[in-house]
Amino acid sequence: HDVKTEPELIPIDSSQSIPGNVEERARLDISARGLWGPFQKTMFNVRIFHPNADSYKDRDIKSVYTQHENIKKREYEQRVIQVEKCSFTPLVYSTSGGMAPQAQAFHRKIAELVAEKT
């Protein structure tokens, strides 16, 4: 499935107007083919946060997961879609063992793919 760790992103031409991370040597955490569709490349960025941190004490945990997913999407999604021509999935986890919705979908899909092979 062509799994790679820390794949370097294609450099952006100065004429391209892409929101988010436009650094020349930007990298994501993982890339793989065939997860969401046959031969479709997906890039992933992982974030782990501590839900008991003072900055989250008065917030609903679902909103914290959503916040972290949205931060990753703003940072990378448009660049991955427009320049890399593939999909992007943020993988957000908490130190207490929880997962954001897209990470849950990722794990469900991995389980399905493993079940199909056995």
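What follows is a working chat about the predicted model shown above.

Biologist: What elements does the chain have, and in which order do they run?

Modeller: In this predicted model the chain has 2 helices and 4 strands, and from the N terminus on the elements run β-β-β-α-β-α. The C-alpha trace spans about 45 × 40 × 20 Å along its principal axes, and 34% of the 118 residues count as buried.

Biologist: How are the strands ordered in the sheet?

Modeller: The sheet is open, with its 4 strands in the order β1-β2-β3-β4 and with mixed pairing. Because β1 (4-5) and β4 (87-94) are the edge strands, each with a single partner strand, one side of each has no neighbour in the sheet.

Biologist: And in which sense do β1 and β2 pair?

Modeller: β1 pairs with β2 (residues 30-33) in the antiparallel sense over 2 bridges, and Thr5 is the residue that stands opposite Ile30 in β2.

Biologist: Where do the helices lie?

Modeller: Helix α1 (residues 61-84) lies across β3 (41-49) and β4, and runs at about 155 degrees to β4. Helix α2 (residues 101-117) also lies across β3 and β4, but the angle it makes with β4 is about 105 degrees.

Biologist: Switching to packing, which residues make up the largest nonpolar core?

Modeller: That core has 8 residues in all, namely Leu9, Ala26, Leu28, Met43, Tyr76, Val80, Cys86 and Phe88. Apart from it lies another core, of 7 residues, which includes Leu35, Phe44, Ala103 and Phe106.

Biologist: What is Leu28 in contact with, close sequence neighbours aside?

Modeller: Once neighbours within four places in sequence are left aside, Leu28 is in contact with Glu6, Pro7, Leu9, Met43, Phe44, Asn45, Tyr76, Val80 and Phe88. For the chain as a whole, 58% of the contacts between residues at least 6 apart in sequence join residues at least 24 apart.

Biologist: Now Asn21, in the loop between β1 and β2: buried or exposed?

Modeller: Asn21 has a relative accessibility of 11%, and it therefore counts as buried, the cut-off being under 20%.

Biologist: What does the Asn21 side chain have by the backbone nitrogen of Glu23, and which residues does Asn21 touch?

Modeller: A polar atom of the Asn21 side chain lies 2.9 Å from the backbone nitrogen of Glu23. Not counting residues up to four places away in sequence, Asn21 touches Ile12, Ala26, Glu75, Tyr76 and Arg79.

Biologist: Last one, how much accessible surface does the chain have?

Modeller: The accessible surface of the chain comes to about 7,300 Å², and 51% of it belongs to carbon and sulfur atoms.

Key: Residues numbered from 1 in each chain as written. Predicted model: local features only at pLDDT ≥ 70, side-chain atom pairs only at ≥ 80, totals over all residues. Heavy atoms only, no water. Core = buried A, V, L, I, M, F, W, Y, C linked by side-chain atoms within 4.5 Å. Buried < 20%, exposed > 50% of the residue type's maximum accessible area, 1.4 Å probe, protein only. Contact = heavy atoms within 4.5 Å. Pairing = 2+ DSSP bridges. Axes fitted to C-alpha atoms, helices over the stretch in contact; angles between N-to-C directions. Polar contact = N/O pair within 3.5 Å; in protein donor to acceptor, adjacent residues only side chain to side chain. Areas by Shrake-Rupley, 256 points an atom, 1.4 Å probe, with all protein chains shown as cover.
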